[in-house]
Amino acid sequence: MSWMDALGLVAGILVAVSLVMKSMRWLRPINLVGCSLFVVWGLLAGAAGVWICNGVGVLVNIYRMCEARSDRKK
């Protein structure tokens, strides 16, 4: 298995694990890491659809994490 295959596999596992989480506290950061790894993998593999979709996922996760943080401060 190449390191790129391993990177894609780790990214997929992290995204899958995040989807079975009940707590948003853990879902967002784990999904953020998985999506970020998919962005890297997509860029290296030349797969625009992968890195664009997961890039949007990264932005959504960051936005939601910031939103949740500001809600906790209120």
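**Note on a predicted three-helix chain**

At 29% relative accessibility, Glu67 counts as partly exposed. This residue recurs in the points below, which concern a predicted model.

1. **Overall make-up.** The chain contains 3 helices and 0 strands, and its elements follow the order α-α-α from the N terminus. Along the principal axes, the C-alpha atoms occupy a box of roughly 45 × 20 × 15 Å. Of the 74 residues in the chain, 27% are buried. When contacts between residues at least 6 apart in sequence are considered, 44% of them join residues at least 24 apart.

2. **The salt bridge.** The structure has 1 salt bridge. Glu67 forms a salt bridge with Arg64, and the closest N and O atoms are 2.9 Å apart. Both residues belong to helix α3, where they are 3 residues apart, about one turn of the helix. In general, an α-helix has 3.6 residues a turn, so residues three or four places apart point the same way. Arg64 is partly exposed, its relative accessible area being 39%, and Glu67 is likewise placed in the partly exposed class, at 29%.

3. **Arg28, a buried charge.** Which side chain of opposite charge is nearest to Arg28, and how far away is it? It is Glu67, at 7.0 Å; Arg28 is buried yet has no salt bridge. A salt bridge requires a side-chain nitrogen within 4 Å of a carboxyl oxygen, so a separation of 7.0 Å does not qualify. Arg28 is located in helix α2, residues 24-45. Its side chain does make a polar contact, at 3.1 Å, with the side chain of Asn61. Beyond its neighbours within four places in sequence, Arg28 is in contact with Val60, Asn61, Arg64 and Met65. Arg64, one of these contacts, is the salt-bridge partner of Glu67.

4. **Asn31 and Pro29.** Asn31 is also a residue of helix α2. With a relative accessibility of 11%, Asn31 counts as buried. Once residues up to four places away in sequence are set aside, Asn31 touches Val15, Ser18, Leu19 and Asn61. Asn61 therefore appears in the contacts of Asn31 and, through a polar contact, beside Arg28, with heavy atoms within 4.5 Å being the criterion for contact. Pro29 lies in helix α2 as well, but is partly exposed, at 27% relative accessible area. Apart from neighbours within four places in sequence, Pro29 is in contact with Met24 and Met65. The C-alpha atoms of Pro29 and Ile62 are separated by 8.5 Å, although these residues are 33 apart along the chain.

5. **Helix α2 as an element.** Helix α2 has 22 residues and reaches 30 Å from its first C-alpha to its last, close to the 32 Å expected at 1.5 Å a residue. At the start of α2, a side-chain oxygen of Ser23 comes within 3.1 Å of the backbone nitrogen of Arg25. After α2 comes Gly46, with a positive phi near 70°. The buried residues of this helix are Leu27, Arg28, Ile30, Asn31, Leu32, Gly34, Cys35, Phe38, Val39 and Gly42. These buried residues pack against α1 (3-19) and α3.

6. **Helix α3 as an element.** Does the span of helix α3 agree or disagree with the 38 Å expected at 1.5 Å a residue? The 26 residues of this helix (residues 48-73) place the end C-alpha atoms 38 Å apart, which agrees. Asn54, Gly55, Gly57, Val58 and Asn61 are the buried residues of α3. Helix α2 is included in what covers them.

7. **Cysteines.** How many disulfides does the structure hold? There are 0 disulfides. For Cys53, the closest cysteine sulfur is that of Cys35, at 9.9 Å, which is too far for a bond. For Cys66, the closest cysteine sulfur is again in Cys35, at 15 Å, also too far for a bond. Cys53 is exposed, with 56% relative accessible area, whereas Cys35 is among the buried residues of α2.

Note on methods. Residues are numbered from 1 along each chain as its sequence is written. This is a predicted model: local features need pLDDT of at least 70, side-chain atom pairs count only at pLDDT 80 or more; totals for chains, interfaces and linings use all residues. Side-chain values use heavy atoms; hydrogens and water are left out. Helices (H or I, at least four residues) and strands (E, at least two) are DSSP runs, numbered from the N terminus. Buried means under 20% relative accessible area, exposed over 50%, partly exposed in between (1.4 Å probe, protein chains only). Lys and Arg count as positive and Asp and Glu as negative; His and the chain ends are not counted. A polar contact is a pair of N or O atoms within 3.5 Å; within protein, one must be able to donate a hydrogen and the other to accept it, and residues adjacent in sequence count only if both atoms are side-chain atoms. The expected span of a helix is 1.5 Å times one less than its number of residues. A disulfide is a pair of cysteine sulfur atoms within 2.5 Å.
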